[in-house]
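Welcome! Please take a moment to look over the sequence and the 3D view below, and then we will walk through them together.

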2 protein chains.
Amino acid sequence: MSEAEEKGLRRAILDTARQLLTTVGYAHLSMRNIAKEIGYSATSIYLHFESKDDLIHALIDEGVDVLFRELSQADVASSSSEQRLEAMCRAYVRFGLERSEYYGIMYVLHPEYIKRYPVDKYRKARRNLEIMAQAVQDGIEAGVFRKVEPMLAANLAWAQLHGIVTLLSSERVDKRIDPDVFVDAGCRHVVSGLFTPERLAGRHAS
Amino acid sequence: MSEAEEKGLRRAILDTARQLLTTVGYAHLSMRNIAKEIGYSATSIYLHFESKDDLIHALIDEGVDVLFRELSQADVASSSSEQRLEAMCRAYVRFGLERSEYYGIMYVLHPEYIKRYPVDKYRKARRNLEIMAQAVQDGIEAGVFRKVEPMLAANLAWAQLHGIVTLLSSERVDKRIDPDVFVDAGCRHVVSGLFTPERLAGRHAS
DNA sequence: ACATTGGATTAACGCCGTTATTTGGGTCCG
DNA sequence: CGGACCCAAATAACGGCGTTAATCCAATGT
């Protein structure tokens, strides 16, 4: 009971913080306004998190899991490795744009603002790249993709997708460009950049 | 004389702020530590800038100019449009990594942290995309690039380069990947993604 | 009935951006 | 010369921040 309530308060803090991230953003997220929202004093949060960074790390943890679930879902829902990769690209961008409360603290917040993410949690975060690298690897073995270093290709794909998400969500992309067209072109560009010349020659018109 | 000194102080503020951006980063840049550095009180800065955002906007202005100069230099230093585009890509990444004091406030700082960049300065900032779009356009006319919307292609290229810069400088790229190889692969990917199938068939081994 | 525990609060510290007020030296004019 | 004015610059202060220290108080155990 007291354990349940303790968990309850911890969850309430996390949920409130996440909600405030969507409404006021990280720049205006404070221990004091989280506390006010749940009817406690700011210092009470320190009974459950040792610092604001610690709280954010807990949320990042959640975000990493959510993203992994969505990538996995896209992975199994498709058949060919190229379709799987493209589906994951779209899932990544969708996650970045629709769950920006997570995306912002996971990948946008500059490390200088926040203590380094604990080393022992890196492994879990890396799964989100490895699942994409695996699709690249499979494509190579299927003869659809060129023989590239899968991890290099995955990181490069990540950079493309990350750029698309951040430029779109910070409204830096030219307004005359339709966001859907932009995302579409980006995802196809990621995949087609891996095609063998033969596979490429047979692709449909852009 | 008094005019020169006034300009001198304004310059001193800008230079000190820029230097602090490289040493302590935006998160720890404050009106008070800028002032301490130049031996004035914090409030004196308000005689030259109406707010911290205003000061940062002035620095962004400088950064936009510096980037434009470097892109232009890369543009004229090469001959074929594909070489020009690739040279500009490399110049962009170099700017992002080496002048990160500018890059951070220009393209990384989330808009929620800072007042919107004044509309009348957008035009100048847009030149940095248009110069790349022009290279795409030229490549199309030369028959080297596929017939794509130049502005869409430029923004997509920008997203790729921006992703590379931000992931590298926030140390989020897998440590086993050589940064130079990463940048290299990224820039070539941007360019080769635009090639016509014929031009692509004749490219060298990856 | 008393001591102990531990969740929760208030007070306080040193930062922050910014505004209001005050200082103080120079210049202009009667 | 003396007083009015100006204006760069400083100090004080406001409300907000993350965080720590001290305090309160109700429930628990003996």
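## Two helices of chain B, side by side

Let us begin with a pair of helices in chain B of this predicted model. Helices α4(B) and α7(B) count as roughly parallel to each other, because angles under 35 degrees are given that name and their axes cross at roughly 30 degrees. To find the pair, look for residues 81–98 and residues 150–169 of chain B, whose axes come within 9 Å. The crossing of α4(B) past α7(B) is right-handed.

Another helix to trace in chain B is α3, made of residues 52–76. How far apart should the ends of its 25 residues be? At 1.5 Å a residue the helix should span 36 Å, and the 37 Å between its end C-alpha atoms agrees with that. Look also at the start of α3(B), where S51(B) has a side-chain oxygen within 3.4 Å of the backbone nitrogen of D53(B).

## Chain A at a glance

Which kinds of elements make up chain A? The chain has nine helices and zero strands. Measured out along the principal axes, a box of roughly 65 × 40 × 30 Å holds its C-alpha atoms.

In chain A, too, you can look at helices α4 (residues 81–98) and α7 (residues 150–169), which pack with their axes 9 Å apart and at an angle of about 30 degrees. That angle makes α4(A) roughly parallel to α7(A). Here α4(A) passes α7(A) in a right-handed crossing.

## Around DNA strand D

Now turn to the DNA. Strand D is surrounded by 16 residues, and the closest come from both chains: R32(A), T43(A) and Y46(A), together with S41(B) and S44(B). By class, the surface near this strand has six nonpolar, seven polar and three charged residues. Of the strand D atoms within 4 Å of the protein, 53% are part of sugar or phosphate, and the rest are part of bases.

Several polar contacts reach phosphate oxygens of strand D. Y46(A) places a polar side-chain atom 2.7 Å from one such oxygen. In chain B, S41(B) has a polar backbone atom 2.7 Å from a phosphate oxygen, while S44(B) uses a polar side-chain atom, at 2.8 Å from a phosphate oxygen.

## Around DNA strand C

Which residues come nearest to DNA strand C? They are S41(A), S44(A), R32(B), T43(B) and Y46(B), out of 15 residues around the strand. Of the strand C atoms that come within 4 Å of the protein, 50% belong to sugar and phosphate. The surface near strand C divides into six nonpolar, six polar and three charged residues.

Some contacts with strand C involve its bases. A polar side-chain atom of T43(A) sits 3.0 Å from a base oxygen, and an N or O atom in the side chain of R32(B) is 2.4 Å from a base nitrogen. A phosphate is involved as well: one of its oxygens lies 3.4 Å from a backbone N or O atom of L29(B).

Notes
Residues numbered from 1 in each chain as written. Chains lettered and ligands numbered in written order. Predicted model: local features only at pLDDT ≥ 70, side-chain atom pairs only at ≥ 80, totals over all residues. Heavy atoms only, no water. Near = heavy atom within 4 Å. Polar contact = N/O pair within 3.5 Å; in protein donor to acceptor, adjacent residues only side chain to side chain. Nonpolar A, V, L, I, M, F, W, Y, C, P; charged D, E, K, R; others polar. Helix = DSSP H or I, 4+ residues; strand = E, 2+ residues; numbered from the N terminus. Expected span 1.5 Å × (residues − 1). Axes fitted to C-alpha atoms, helices over the stretch in contact; angles between N-to-C directions. Parallel < 35°, antiparallel > 145°, perpendicular 65-115°, else oblique. Left-handed = near helix turned anticlockwise from the far one by under 90°.
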